[in-house]
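Colleague: Got the model open here. Can we go through the empty spaces inside it before anything else?

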Amino acid sequence: MKTRILMAVMCCLSMQALRAAEPLSLIPLPASVEQGEGHFRFSEKMRASVDVYPGDSILMVFNRFADDFKAATGIHFSCGKASKAKIRLKHNAAMAAEAYRLKVTPENVLIEAARPAGFFYALQTLRQLLPSRAAMAAVRPAGGTCRSEAWTLPVVDIMDAPRFAWRGFMLDEGRHFYGKEEVKKIIDVMAAYKMNRFHWHLTEDQGWRIEIKKYPRLTEVGAWRESKVLGWGDTKPDGLRYGGCYTQDDAREVVEYARERFVEIVPEVDIPGHSQAAVAAYPEFLSCDPDKPHEVWLWQGVSTDVINVCNPKAVQFAKDVIDELAGIFPFPYIHLGGDECPTDKWKANAHIARKPAGEQRKLIFWNEVLHGNTGFLGQDITIMAWVGADAAAKDAATRGMHTILSPQIPYYINRRQSDLPTEPRSQGHGTETVEAVYNYVPMKGVPETLQPKYMGVQANFWTEWVEDAATVQYLMLPRLAAVAEAGWTPQEKRNYPDFLKRLQAEPEYYRFRGVNFAKHVFAEY
């Protein structure tokens, strides 16, 4: 009898040790994780303590978390004295802006950070530590229990901070329009993965998507075209009236939604190329040949119908647009494109000379501006390096400019991610796999003297072939998680087989969040 009891006790202890040793499914992987034995258990009502901070902004972060947590679990938080609190948010001014510490013991949970962003990221990690990803999505598990004893956290001590300050994702809505609710879904996923820059590509040859009050025809004319499908090769325009745009109030709503999740929005108005929609709206002063007919473009590729930079009214147009954007998007950066601008029509006009668009914000350009007569831009710009990204970024840094790594291969995650017949129609050959995206090494071989110029990484999603939001999500996920880890986790801790194991927990989150995703890298499919 004693032997059986001893064996049962040893078995129990062994199982507890195994559970304690199980790897945590955290994405992005924190800088330091020490896992212990045991669990912290939530009760039906929990006491929390939140340190005072200007504007009560730490309390606001916690209250939004508490609301989500209650929606998922039924557990209610009340804030009070630190001495009675089971969960404590403690201000530690010595820590970096986005850094945090999350310490879980069987008795309590301690979160330390210097800024509200640090507390927000700590709470994203806490959500991932819970037994169900339902809490990440702020929904109750279908048919699941909301008993407090079902909700636990493993004992753990996490010290964490991002590798890069810029952890971005770009969505092109110039070519296809999805609407603010779909954009909010993307921002939610970004925030869960601790990404903090949403680059909103709002204008193209094929559509102008943001209201500019001084130039109403930009959306009255420029937001609409006579084909949903964009022509390319054997694919011809379909003749369907198609389009859409955001009012300034719509954009401000998205701005506030993103701000609550510590995501800054970087609006992009692409000039002087990729601008046929704007030219079609105001050909009298934007076009190089105003007497000819102009329409919003129905094709993929690069249009030669570019802005007439010689016309003072066109320069004033750029300044006016930037002024209105600055009033909508209260963040430091505006992206002005500057890429893939054919100069054929400029060469045909002897009066055209290149002029800057004016600076109301810090400006970002694609790396084409490094070439040609662009020395007037100086060092006070940021280069988003996409074509020959590593070399272009190093060139920019050497010239004293800041740079963001956004390599076309493999960070253009609109491209096919496998050669399976289930892949939707898109660009590429299926070589931009989850593994290929993950294994890209940012800042590889860059001298230490240049590294301070590297702001971070960004994935881009171009929508020539992608006509619906579900396909955006399918191609975006789970590759966005791989980019997020490159932006956050120290390079020496990154390992694809380990990432793939941790990734297996994500389908539950995607389903609860209500977003589509590629299935082929998940063992359950």
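**Cavities, barrel and strand 6**

Modeller: The second largest cavity holds about 30 Å³ of space. A cavity is a set of points on a 1 Å grid where a 1.4 Å probe fits but cannot get out, and its volume is what probe spheres on those points fill. This is a predicted model, where local features need pLDDT of at least 70 and side-chain atom pairs pLDDT 80 or more, while totals for chains, interfaces and linings use all residues. Numbering starts from 1 along each chain as its sequence is written, and side-chain values use heavy atoms, leaving out hydrogens and water.

Colleague: OK, which residues line the second largest cavity?

Modeller: V269, I271, F317, A318, V321, I322 and L336 (lining means an atom within 4 Å of a point). Strand 14 (264-271) and helix 10 (312-328) are the elements that give two or more residues to that lining, with helix 10 giving the most, four residues. Helices here are DSSP runs of H or I with at least four residues, strands are E runs of at least two, both numbered from the N terminus.

Colleague: And by class, what's in the lining of the second largest cavity?

Modeller: Seven nonpolar residues, no polar and no charged ones. Nonpolar covers Ala, Val, Leu, Ile, Met, Phe, Trp, Tyr, Cys and Pro; Asp, Glu, Lys and Arg are charged; the others, Gly among them, are polar.

Colleague: How many cavities of 30 Å³ or more are there?

Modeller: Two. The largest has a volume of about 40 Å³, and L171, Y178, E182, I186, A469, V472 and Q473 line it. By class that is five nonpolar, one polar and one charged.

Colleague: Which helix gives the most to the lining of the largest cavity?

Modeller: Helix 15, with three residues. Helix 5 (180-192) and helix 15 (469-476) each supply at least two residues there.

Colleague: Changing topic: how many strands are in the closed barrel?

Modeller: Eight, in the order 8-9-14-15-16-17-18-19, with parallel pairing. The twist averages 30° from one strand to the next, with axes fitted to C-alpha atoms (for helices, over the stretch in contact) and angles from 0 to 180 degrees between N-to-C directions.

Colleague: Anything packed on that sheet?

Modeller: Helix 12 (residues 389-398) does, touching strand 17 (381-385), strand 18 (402-405) and strand 19 (454-461). Its direction makes about 165° with that of strand 18. Contact means heavy atoms within 4.5 Å.

Colleague: Give me one pairing from the barrel.

Modeller: Strand 15 (residues 333-337) and strand 16 (residues 362-366) pair in the parallel sense over three bridges; DSSP has to find at least two bridges for a pair. H335 sits opposite I364 in strand 16.

Colleague: What about strand 6 (residues 109-113), why is it largely enclosed?

Modeller: Four of its five residues are buried, so the rest of the structure largely encloses strand 6. Buried means under 20% relative accessible area with a 1.4 Å probe, protein chains only; exposed is over 50%, partly exposed in between.

Colleague: Which strands does it pair with?

Modeller: Strand 4 (residues 87-91) runs parallel to strand 6, joined by five bridges, and H91 has A113 as its bridge partner. Strand 5 (residues 100-104) runs antiparallel to strand 6, also over five bridges, with V104 opposite V109. A hairpin of four residues links strand 5 to strand 6.

Colleague: And the protein overall?

Modeller: It has 18 helices and 19 strands, and buried residues make up 57% of its 525 residues.

Notes
On a 1 Å grid over the protein atoms alone, a cavity is a set of points where a 1.4 Å probe fits but cannot get out, and a pocket is an open set with protein on both sides within 12 Å along at least five of seven lines; lining residues have an atom within 4 Å of a point.
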